[in-house]
Amino acid sequence: MNEEAVSKRAEWVAEITAIRDHADQAAFAAVFRHFAPRVKAFLMKSGASPDMAEECTQDVMATLWRKAGMFDPAKASVSTWIFTIARNRQIDMIRKQRRPEPEELDWGPEPEPDQDDAIALQQETEQLGAALQALPEKQRILIERAYFGDLSHSEIAEETGLPLGTIKSRIRLALERLRHQMR
(Lines give C-alpha, C1' and ligand atoms only; values in the text may rest on other atoms or scores of the structure.)
Protein backbone atom coordinates (compact mmCIF):
# COMPACT_ATOMS: atom_id res chain seq x y z
CA MET A 1 0.00 0.00 0.00
CA ASN A 2 1.17 3.49 -0.71
CA GLU A 3 1.62 6.06 2.03
CA GLU A 4 -1.63 7.87 1.23
CA ALA A 5 -3.70 4.66 1.44
CA VAL A 6 -2.09 3.75 4.77
CA SER A 7 -2.86 7.23 6.09
CA LYS A 8 -6.49 7.06 4.93
CA ARG A 9 -6.91 3.58 6.47
CA ALA A 10 -5.59 4.90 9.80
CA GLU A 11 -8.06 7.83 9.61
CA TRP A 12 -11.02 5.46 9.18
CA VAL A 13 -9.81 3.30 12.07
CA ALA A 14 -9.58 6.45 14.20
CA GLU A 15 -13.16 7.42 13.22
CA ILE A 16 -14.52 3.98 14.17
CA THR A 17 -12.57 4.11 17.43
CA ALA A 18 -14.09 7.53 18.21
CA ILE A 19 -17.56 6.13 17.52
CA ARG A 20 -16.88 3.12 19.74
CA ASP A 21 -15.22 4.96 22.63
CA HIS A 22 -17.06 8.27 22.68
CA ALA A 23 -20.24 7.80 20.58
CA ASP A 24 -18.70 10.57 18.46
CA GLN A 25 -21.44 11.86 16.17
CA ALA A 26 -19.04 13.89 14.03
CA ALA A 27 -16.94 10.79 13.37
CA PHE A 28 -20.10 8.85 12.52
CA ALA A 29 -21.21 11.63 10.16
CA ALA A 30 -17.85 11.46 8.36
CA VAL A 31 -18.04 7.68 8.03
CA PHE A 32 -21.67 7.92 6.92
CA ARG A 33 -20.94 10.61 4.28
CA HIS A 34 -18.14 8.54 2.81
CA PHE A 35 -19.48 4.99 3.02
CA ALA A 36 -23.29 5.24 2.76
CA PRO A 37 -23.35 6.19 -0.96
CA ARG A 38 -20.73 3.54 -1.72
CA VAL A 39 -22.65 0.86 0.17
CA LYS A 40 -25.87 1.79 -1.64
CA ALA A 41 -24.13 1.63 -5.02
CA PHE A 42 -22.55 -1.71 -4.11
CA LEU A 43 -25.96 -3.13 -3.15
CA MET A 44 -27.60 -1.85 -6.33
CA LYS A 45 -24.80 -3.39 -8.43
CA SER A 46 -25.50 -6.62 -6.55
CA GLY A 47 -29.09 -6.57 -7.79
CA ALA A 48 -30.95 -4.72 -5.04
CA SER A 49 -33.72 -2.30 -5.98
CA PRO A 50 -33.06 1.35 -5.07
CA ASP A 51 -35.56 1.13 -2.18
CA MET A 52 -34.06 -2.09 -0.84
CA ALA A 53 -30.53 -0.70 -1.22
CA GLU A 54 -31.52 2.46 0.68
CA GLU A 55 -33.18 0.48 3.49
CA CYS A 56 -30.27 -1.92 3.71
CA THR A 57 -27.74 0.95 3.73
CA GLN A 58 -29.56 2.62 6.62
CA ASP A 59 -29.54 -0.69 8.49
CA VAL A 60 -25.81 -1.15 7.82
CA MET A 61 -24.99 2.32 9.11
CA ALA A 62 -27.15 1.82 12.21
CA THR A 63 -25.35 -1.48 12.82
CA LEU A 64 -22.00 0.30 12.45
CA TRP A 65 -23.06 2.81 15.13
CA ARG A 66 -24.25 0.10 17.54
CA LYS A 67 -21.48 -2.41 16.93
CA ALA A 68 -18.41 -0.25 16.41
CA GLY A 69 -16.83 -2.10 19.32
CA MET A 70 -16.79 -5.29 17.27
CA PHE A 71 -14.47 -3.81 14.65
CA ASP A 72 -10.94 -5.23 14.80
CA PRO A 73 -8.40 -3.45 12.57
CA ALA A 74 -6.13 -6.50 12.81
CA LYS A 75 -8.73 -8.60 10.98
CA ALA A 76 -9.96 -6.24 8.27
CA SER A 77 -10.00 -2.69 7.02
CA VAL A 78 -12.94 -0.45 7.87
CA SER A 79 -14.26 -0.68 4.31
CA THR A 80 -14.03 -4.49 4.27
CA TRP A 81 -15.87 -4.64 7.59
CA ILE A 82 -18.63 -2.28 6.41
CA PHE A 83 -19.11 -4.00 3.05
CA THR A 84 -19.24 -7.40 4.77
CA ILE A 85 -22.04 -6.12 7.01
CA ALA A 86 -23.79 -4.80 3.88
CA ARG A 87 -23.51 -8.12 2.04
CA ASN A 88 -24.83 -10.03 5.06
CA ARG A 89 -27.75 -7.60 5.52
CA GLN A 90 -28.63 -7.89 1.83
CA ILE A 91 -28.66 -11.70 2.08
CA ASP A 92 -30.88 -11.48 5.17
CA MET A 93 -33.31 -9.11 3.43
CA ILE A 94 -33.52 -11.36 0.35
CA ARG A 95 -34.24 -14.38 2.55
CA LYS A 96 -37.00 -12.50 4.36
CA GLN A 97 -38.59 -11.52 1.03
CA ARG A 98 -38.62 -15.13 -0.14
CA ARG A 99 -40.38 -16.46 2.95
CA PRO A 100 -43.92 -17.52 2.09
CA GLU A 101 -46.79 -15.51 3.46
CA PRO A 102 -48.66 -17.19 6.30
CA GLU A 103 -51.98 -18.77 5.45
CA GLU A 104 -55.17 -16.86 5.98
CA LEU A 105 -56.52 -17.63 9.41
CA ASP A 106 -60.21 -18.00 10.07
CA TRP A 107 -61.46 -15.63 12.73
CA GLY A 108 -63.59 -16.88 15.51
CA PRO A 109 -63.30 -19.49 18.19
CA GLU A 110 -61.28 -22.56 17.42
CA PRO A 111 -62.77 -25.94 18.15
CA GLU A 112 -61.60 -27.46 21.41
CA PRO A 113 -58.80 -29.94 20.80
CA ASP A 114 -59.45 -33.61 21.46
CA GLN A 115 -58.35 -34.48 25.01
CA ASP A 116 -55.99 -37.20 23.73
CA ASP A 117 -54.40 -34.71 21.32
CA ALA A 118 -54.01 -32.15 24.11
CA ILE A 119 -52.32 -34.68 26.39
CA ALA A 120 -50.02 -35.87 23.58
CA LEU A 121 -49.07 -32.28 22.77
CA GLN A 122 -48.35 -31.53 26.42
CA GLN A 123 -46.16 -34.64 26.67
CA GLU A 124 -44.26 -33.72 23.51
CA THR A 125 -43.76 -30.19 24.83
CA GLU A 126 -42.38 -31.52 28.11
CA GLN A 127 -40.15 -33.99 26.23
CA LEU A 128 -38.83 -31.18 24.01
CA GLY A 129 -38.16 -28.98 27.06
CA ALA A 130 -36.19 -31.79 28.70
CA ALA A 131 -34.30 -32.45 25.46
CA LEU A 132 -33.40 -28.74 25.18
CA GLN A 133 -32.13 -28.69 28.77
CA ALA A 134 -30.01 -31.78 28.06
CA LEU A 135 -28.15 -30.02 25.22
CA PRO A 136 -24.68 -28.63 25.91
CA GLU A 137 -25.09 -25.01 26.99
CA LYS A 138 -23.34 -23.56 23.90
CA GLN A 139 -25.72 -25.42 21.58
CA ARG A 140 -28.84 -24.72 23.69
CA ILE A 141 -28.17 -20.97 23.73
CA LEU A 142 -27.80 -20.87 19.93
CA ILE A 143 -30.99 -22.91 19.41
CA GLU A 144 -32.88 -20.54 21.70
CA ARG A 145 -31.59 -17.48 19.83
CA ALA A 146 -32.35 -18.98 16.42
CA TYR A 147 -35.79 -20.41 17.14
CA PHE A 148 -37.15 -18.49 20.12
CA GLY A 149 -35.28 -15.23 19.51
CA ASP A 150 -36.06 -15.39 15.77
CA LEU A 151 -32.52 -14.36 14.80
CA SER A 152 -30.77 -15.35 11.59
CA HIS A 153 -27.48 -17.20 11.80
CA SER A 154 -25.71 -14.02 10.65
CA GLU A 155 -27.35 -11.96 13.39
CA ILE A 156 -26.34 -14.55 15.99
CA ALA A 157 -22.76 -14.46 14.66
CA GLU A 158 -22.71 -10.67 14.95
CA GLU A 159 -24.08 -10.75 18.52
CA THR A 160 -21.80 -13.51 19.78
CA GLY A 161 -18.68 -12.74 17.76
CA LEU A 162 -18.49 -16.42 16.77
CA PRO A 163 -17.74 -17.39 13.16
CA LEU A 164 -20.83 -18.10 11.05
CA GLY A 165 -19.61 -21.65 10.33
CA THR A 166 -19.38 -22.37 14.07
CA ILE A 167 -22.92 -21.10 14.58
CA LYS A 168 -24.26 -23.31 11.78
CA SER A 169 -22.35 -26.39 12.98
CA ARG A 170 -23.53 -26.04 16.57
CA ILE A 171 -27.14 -25.54 15.53
CA ARG A 172 -26.99 -28.53 13.16
CA LEU A 173 -25.52 -30.75 15.91
CA ALA A 174 -28.10 -29.54 18.41
CA LEU A 175 -30.97 -30.27 16.02
CA GLU A 176 -29.61 -33.78 15.44
CA ARG A 177 -29.52 -34.38 19.20
CA LEU A 178 -33.05 -33.06 19.59
CA ARG A 179 -34.33 -35.29 16.76
CA HIS A 180 -32.67 -38.30 18.35
CA GLN A 181 -34.15 -37.56 21.79
CA MET A 182 -37.63 -36.89 20.40
CA ARG A 183 -37.86 -40.33 18.70
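1. A good place to start is how the chain holds together over distance. Among contacts between residues at least 6 apart in sequence, 63% join residues at least 24 apart. Please keep in mind that this is a predicted model. As for the building blocks, the chain has eight helices and zero strands, and reading along the sequence gives the pattern α-α-α-α-α-α-α-α.

2. Next, the overall dimensions. The C-alpha trace spans about 75 × 40 × 30 Å along its principal axes. The radius of gyration is 22 Å, whereas a compact globule of 183 residues would have one near 16 Å. Of the 183 residues, 30% count as buried. One pair gives a feel for the distances involved: Asp21 and Glu126 are 105 residues apart along the chain, and their C-alpha atoms are separated by 46 Å. Asp21 itself lies in helix H1 and is partly exposed, because its relative accessible area of 43% falls between the 20% and 50% cut-offs.

3. Now to the interior. The largest nonpolar core has 27 residues, and those with the most contacts inside it are Ile16, Ile19, Val31, Met61, Leu64, Val78 and Ile82. Helix H1 (3-22), helix H2 (25-45), helix H3 (50-66) and H4 are the elements that give two or more residues to this core. H2 provides the largest share, seven residues. Apart from this core lies another one, of 12 residues, with Ile143, Ile156, Ala157 and Ile171 among them.

4. Val78 is worth a closer look, as one of the residues with the most contacts inside the largest nonpolar core. Leaving aside neighbours within four places in sequence, Val78 is in contact with Trp12, Val13, Ile16, Phe35 and Phe71. Ser79 lies in helix H4. At 29% relative accessibility, Ser79 counts as partly exposed. Ser79 and Val31 are 48 residues apart along the chain, with their C-alpha atoms separated by 9.9 Å.

5. Which residues lie closest to the centre of the largest pocket? The pocket has a volume of about 590 Å³. Of the 19 residues that line it, Met70, Trp81, Thr84, Ala157 and Glu158 are the closest to its centre. Helix H4 (78-98) and helix H7 (153-160) each supply at least two residues of the lining, and the largest share, five residues, comes from H4. By type, the lining divides into nine nonpolar, six polar and four charged residues.

6. Helix H7 brings several of these threads together. In H7, Ser154, Ile156, Ala157 and Glu158 are buried. Ala157 and Glu158 are also among the residues closest to the centre of the largest pocket, and Ile156 and Ala157 belong to the core of 12 residues. What covers the buried residues of H7 includes H3, H4, H6 and helix H8 (164-182). Just after H7, Gly161 takes a positive phi of about 80°.

7. Is Ser154 buried or exposed? Ser154 is in helix H7, and it counts as buried because its relative accessible area is 10%, under the 20% cut-off. Apart from neighbours within four places in sequence, Ser154 is in contact with Asp92 and Leu164.

8. A backbone detail to check in the viewer: Ala23 has a positive phi of about 50° although it is not a glycine. Most residues other than glycine have a negative phi. Ala23 is found in the loop between H1 and H2. With 41% relative accessibility, Ala23 counts as partly exposed.

9. Finally, where is Pro136? Pro136 sits in the loop between helix H5 (115-134) and helix H6 (137-148). Pro136 is partly exposed, since its relative accessible area is 31%, a value between the cut-offs of 20% and 50%. Pro136 and Arg170 are 34 residues apart in sequence, and the distance between them in space is 9.8 Å, C-alpha to C-alpha.

Note on methods. Residues numbered from 1 in each chain as written. Predicted model: local features only at pLDDT ≥ 70, side-chain atom pairs only at ≥ 80, totals over all residues. Heavy atoms only, no water. Helix = DSSP H or I, 4+ residues; strand = E, 2+ residues; numbered from the N terminus. Buried < 20%, exposed > 50% of the residue type's maximum accessible area, 1.4 Å probe, protein only. 1 Å grid on protein atoms, 1.4 Å probe; cavity = no way out; pocket = protein on both sides within 12 Å on 5 of 7 lines; lining within 4 Å. Points joined across faces, edges and corners; volume = space filled by probe spheres on them. Nonpolar A, V, L, I, M, F, W, Y, C, P; charged D, E, K, R; others polar. Core = buried A, V, L, I, M, F, W, Y, C linked by side-chain atoms within 4.5 Å. Contact = heavy atoms within 4.5 Å. Rg over C-alpha atoms; globule rule 2.2 N^0.38 Å.
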